[in-house]
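Visitor: Hello! Could you show me the structure and explain the words people use for it?

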Amino acid sequence: MSRLVTSVVDGKPLDSGTSPRLPSLNPANLDDVVAEIDLAPARVFVSAAVVASNAQQAWADVPAPVRGRAIAHIGRVVEQNAEALARLVVREIGKPYTEALGEVREIVDTCDFFLGEGRRLYGQTVPSEMPDKQLFTFRNPVGTVAVITAGNFPVAVPSWYIVPALLAGNTVVWKPAEYSAAISQAFHELFVRGGGLPDGVFNIVHADGATTYAGLEQALEQGYVDKVGFTGSPEVGREIGALTGRHLQTACLELGGKNPLVVMPSADLDLAVEGALFSGFGTAGQRCTSLGTAIVHESIHDEFLRRFTAAVDAAVVGDPSGDVLMGPLLDAKFAERYEKYLGWIQPQHTVHGPTGRITAANPRPGFAGDPSNGLYYHPVIVDGVRPGDELFDNETFGPIVGVTTCTSLDDAIELANAPGYGLSCSIYTNDPAEVFAYRRGIGAGMVSVNNSTSGAEAHLPFGGNGKSGNGSRQSGIWVLDQFTRWQSMNWDYSGKLQKAQMDVAELVPDTEFRLDG
Ligand code: UN1
């Protein structure tokens, strides 16, 4: 059974009657139409921004602890619906069930963190340089926030934006990915109904990328969007950054990664292999934090590769509702792009195992279920990638991991930084000096030690540098700086004008004073 998905603005579903509607298909069974989407024109995005903007002051006037209670209720209702939401994640984007459930858990974790922030949202009292004067700081909401998200984490990542934005007194217009439309409809319902949010506070607009850009451009020009949060590709991130920059705004950008995993001689090799397997092929390699290249010390390279290829061969690929490492790719457009990445394999590389789509003619031993109707691909390891190779230099969203060798830790750091991304990274070693040297030398925003490149917890800063982002951070207390602006206040109650810097009394230090002897 498929559902009709429409935009919801000011609490009302808007059916703009587009025909034909855009189908969202189950990538594990392309005959299963999960949703039929009514794609909105740009003016709907603009009107959603107007509605959100009109609703914002009243929402900001709701005391922060009361907004925190709304977040608490949302967390509870999501928890109560966790299995149903996870099943929908499995069905619409093919994420294996346990991972999907973990992703839903990430919304609850985010709510758990921010419900308390409703009773904190602290400002400071600050001493003044003059008597009878007090200084203060306050956090103000930014205003109307436009959130544009990818569908590989169709509920966790949106919650990282939407929960703190709402908690801090902003209103939201959300544009989710088309291929996760049904999931985002469910998410929106859980938030609005579960939180008792007033109409206009949280609006959802379904539109394609170009229409969203046009709507965003107009809404920014007319002054109805104050902040943009975007998760997606570096290319689109650059465009959003330029567009918001023209309006003197800095977007919160969470872009891709080419995340390195370094394995040094003292590492526990089995642990490193387990980490590489999950980093590289969990979510079929379609996380921003997925492993790009394993950089392995030359002295252990052959043994690492032997164990890594054996682990990949033994892993179960197949029906995501079962216990599998890897299900299908998210959507046809990702499968198409992934095939382009496979074309980057060069004669100097060594490929382990079959590549391409899993079919009866190109089978995968131990496949769980029937691959014929799904977007299933073989997991691939490519050994011998080097800087200058397209495979080494670029993000390859999908189940493909490069392997290269390093001669020393310094060499590993240079290789790890070479592609110019900087989201997450990992090092496997038992030498603490190497850990700290790696942390200092690496350009990534997130460093894992003896752990996977993916799997960030919901209350530690998440974000990247270089091609992975503009330094903005999500999660925990750090994301509050995205969704609030500091306002400072000074209050002089001396009854006279005391001029800063000019009327400051100084004590008289005896600079000649020396201790006897
Ligand atoms: C993403 O891929 O956009 O750290 C986010 C992780 C997840 C989130 C990834 N918790 O892998």
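Guide: Gladly; we will go from the whole chain to some ring pairs.

Guide: This is a predicted model, in which local features need pLDDT of at least 70, side-chain atom pairs count only at pLDDT 80 or more, and totals for chains, interfaces and linings use all residues. Residues are numbered from 1 along each chain as its sequence is written, and side-chain values use heavy atoms, with hydrogens and water left out.

Visitor: What makes the radius of gyration of the protein chain agree with a compact globule?

Guide: The rule for a globule is 2.2 Å times the number of residues to the power 0.38, with the radius taken over C-alpha atoms. For 517 residues that gives a value near 24 Å, and the protein chain has 25 Å, so the two agree. Along its principal axes, the C-alpha trace spans about 85 × 80 × 40 Å.

Visitor: How many helices and strands does the protein chain have?

Guide: There are 15 helices and 20 strands. Both are DSSP runs numbered from the N terminus: helices are H or I with at least four residues, strands are E with at least two.

Visitor: Why is Phe 136 called buried, and why is Phe 138 called partly exposed?

Guide: Buried means under 20% relative accessible area, exposed means over 50%, and partly exposed lies in between (1.4 Å probe, protein chains only). Phe 136 has 18% relative accessibility, so Phe 136 is buried. Phe 138 has 35%, so Phe 138 counts as partly exposed. Of the 517 residues of the protein chain, 55% are buried.

Visitor: Which aromatic pairs are there, and how many?

Guide: Rings of Phe, Tyr and Trp (its six-membered ring) pair if their centres lie within 6.5 Å; planes under 30 degrees apart are stacked, over 60 edge-to-face, and the rest tilted. The count comes to 15 aromatic pairs.

Visitor: Why is the pair of Phe 136 and Phe 138 called tilted?

Guide: Their ring centres are 6.3 Å apart and their planes stand at 35°, so the pair is tilted. Phe 334 and Phe 397 form another tilted pair, at 5.7 Å centre to centre and 40° between the planes.

Visitor: What makes Phe 334 and Phe 397 a link between distant parts of the chain?

Guide: Phe 334 sits in helix α11 (residues 332-342) and Phe 397 in the loop between α12 (390-393) and β17 (400-406), 63 residues apart. Phe 334 has 7% relative accessibility, so Phe 334 counts as buried. Phe 397 is buried too, with a relative accessible area of 11%.

Visitor: Which residues form one aromatic cluster?

Guide: Trp 174, Phe 187, Phe 191 and Phe 202 do.
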